[in-house]
Amino acid sequence: MEVICLLVSMVFLVLALAISIFAFKYSSHSAKNLPPGSLGWPIFGETLDFLFGKPEKFVSDRMKRYSSDIFKTKILGEETAVICGPGGHKFLFSNEQKLFTAFRPHAMQKIFRSYQAAAPAQIPREAESKILRSPGFLKPEALVRYLGKMDSITQLHMQTYWEGKDEVKAFALAKTLTLSLACRFFLGSDDPERIARLVSNFDDMTLGMHSIPLNVYGTTFYRANKAAAAIRKELRIIIDEKRADMSKGAQVQDILCHMILATDPSGKHMAEAEIADKIMGLLVAGYSTVATAMTFFMKNVGERPDIYAKILAEQIEVAADKKAGELLDWNDIQKMKYSWNVMHEVMRLTPPLQGTFREALTDFTYAGYTIPKGWKIYWTVSTTNKDPQHFPDPEKFDPSRYDDEKVFPPFTFVPFGGGPRMCPGKEYARLAILTFVHNVVKRFRWEVAFPVEKIAGDMMPTPEKGLPIRLQSRQAERFAYF
């Protein structure tokens, strides 16, 4: 009995202490001129609304309720300011590393273990940035050399998974393709069995990156952690194979080779676990968002035969200038202006990634409110993408918005971010997506099997059934053109 009483007393003591800390913390914040909004429940804040009510709706509702410029909340365990609108985009992009630094949510820090070894507020990105930028891997002039390989991988993918099928699930196949491209580009590997093993693990891991970091069997985070361990194990095998090849004189051609060779100012090489984590991060970036953009291209264009016809006309014109068996080149990509306008509209309506986080390096003021040092900043494209002031009839899929190089007001349409942290893979994504568009449109007409299919997912939109589409081969038509 005494033991039970002692346990009950301890529980009440812990609760009282937690409430006291909570009250002190929030009373100290109340002394500052914080933005309007709500920090929600103790501990969880408004995380459940954010994750399960869809981030885009979460932000939109609070912009209407509190302010169209800025509001406060607590999500994923952090007091957070959400800075909105074109002015917010400009402020964030102009103050990178002055007022803000990158922040990865706690679930992501735990999944990518080497990030936890760094100071939590300032995760060093210099090593990976130097590797990506100094050899110019993601610059157009470097990507041009990879474009032919992109085209041949995409053609093989179409032959293997699409041709001869009456119906396919577009999301699954888009993910297989983008992981194949990313593995070839970042790892120099195109082993189909290895890629097949990685795909399912990447699905589980990406879903858990913005989850509640509760490592209990059955949770999203538990599955993500388990998947990350499996990916890390596979990557270590690849690293060992790459080192062995390099010791035999193999050329240094991919990003993995450069990571293996990279040293810090003291001459120390990156640890294998750190290389695996950084490569895993690059593969995620080159896999999930690109696959999402491809998938929603298939959905939107599959529902609009008029838009499909215009894309087809453009791609036939590109193909007509090619010799039999000749692969795509840079000039071909530059001719795909309408196709890229369509992709802009796809990304406006369904951003492949809802948003990213930053951390305040110091107290700062925005729109008349003070944000304390250490608070997190949530940035999302959704605060401008559907603003009728900039995009009339915003729910309508209308690629003509981008005709004749129309110029939108600054910072209203920023699908790849901006400033120093503009997505470094923007050009890679453009080439991968347009190569896919060229190959799929040339081969097929299609219709969406379930036009009202539910779109699930939190930070990354996901068709609940995988977007089944019915295919109709254009083989007979193709012979008429080529």
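Here are some questions and answers about the predicted model shown above.

Visitor: How many helices and strands does the chain have, and how many residues count as buried, in percent?
Guide: The secondary structure comes to 19 helices and 12 strands. As for burial, the chain has 482 residues. The share of them that counts as buried is 50%.

Visitor: In what order do the strands of the open sheet stand?
Guide: This sheet has five strands, and their pairing is mixed. At its edges are β1 (70–75) and β3 (100–103), each pairing on one side only. Reading across from one edge, the order is β1-β2-β8-β5-β3.

Visitor: Which residue in β8 stands opposite Val-82?
Guide: Strand β2 covers residues 78–83 and β8 covers residues 376–380. The two run parallel and are joined by three bridges. Across from Val-82, the residue in β8 is Tyr-378.

Visitor: Which helix lies across β1, β2 and β8?
Guide: Helix α4 (residues 85–94) packs on the sheet too, but its contacts are with β2, β3, β5 and β8. The helix that lies across β1, β2 and β8 spans residues 55–65 and runs at about 135° to β1. That helix is α3.

Visitor: Is Trp-41 buried or exposed?
Guide: Trp-41 sits in the loop between α1 (2–30) and α2 (47–52). With Ile-43 and Phe-44, Trp-41 makes a nonpolar surface patch of about 420 Å². Its relative accessibility is 66%, and exposed means over 50%, so Trp-41 counts as exposed.

Visitor: Which residue meets Glu-46 in a salt bridge?
Guide: Side chains of opposite charge can pair when their charged atoms come close. Glu-46 lies in the loop between α1 and α2, and its partner is in helix α3, 16 residues apart. Both residues are buried, and the N to O distance is 3.3 Å. The partner is Arg-62.

Visitor: Which residues are linked in a network with Arg-197 and Glu-234?
Guide: Arg-197 and Glu-234 form a salt bridge, with their closest N and O atoms 2.9 Å apart. This pair links helix α10 (residues 192–208), home of Arg-197, with helix α11 (residues 220–247), home of Glu-234. The network of salt bridges also takes in Arg-194 and Glu-241.

Visitor: Is Lys-278 buried or exposed?
Guide: Lys-278 shares helix α13 (residues 272–302) with Glu-274, four residues apart, about one turn of the helix. The two form a salt bridge, their closest N and O atoms being 3.7 Å apart. Lys-278 has a relative accessible area of 4%, and the cut-off is under 20%, so Lys-278 is buried.

Definitions and conventions: Residues are numbered from 1 along each chain as its sequence is written. This is a predicted model: local features need pLDDT of at least 70, side-chain atom pairs count only at pLDDT 80 or more; totals for chains, interfaces and linings use all residues. Side-chain values use heavy atoms; hydrogens and water are left out. Two strands pair if DSSP finds at least two bridges between them. Contact means heavy atoms within 4.5 Å. Axes are lines fitted to C-alpha atoms, for helices over the stretch in contact, and angles run from 0 to 180 degrees between N-to-C directions. Patches are made of residues with over 30% relative accessible area and no salt bridge: like charges are joined within 9 Å, nonpolar side chains (Val, Leu, Ile, Met, Phe, Trp, Tyr) within 5 Å. Accessible areas come from the Shrake-Rupley method with a 1.4 Å probe; for residues, only the protein chains shown count as cover. A salt bridge is a side-chain nitrogen of Lys or Arg within 4 Å of a carboxyl oxygen of Asp or Glu. Buried means under 20% relative accessible area, exposed over 50%, partly exposed in between (1.4 Å probe, protein chains only).
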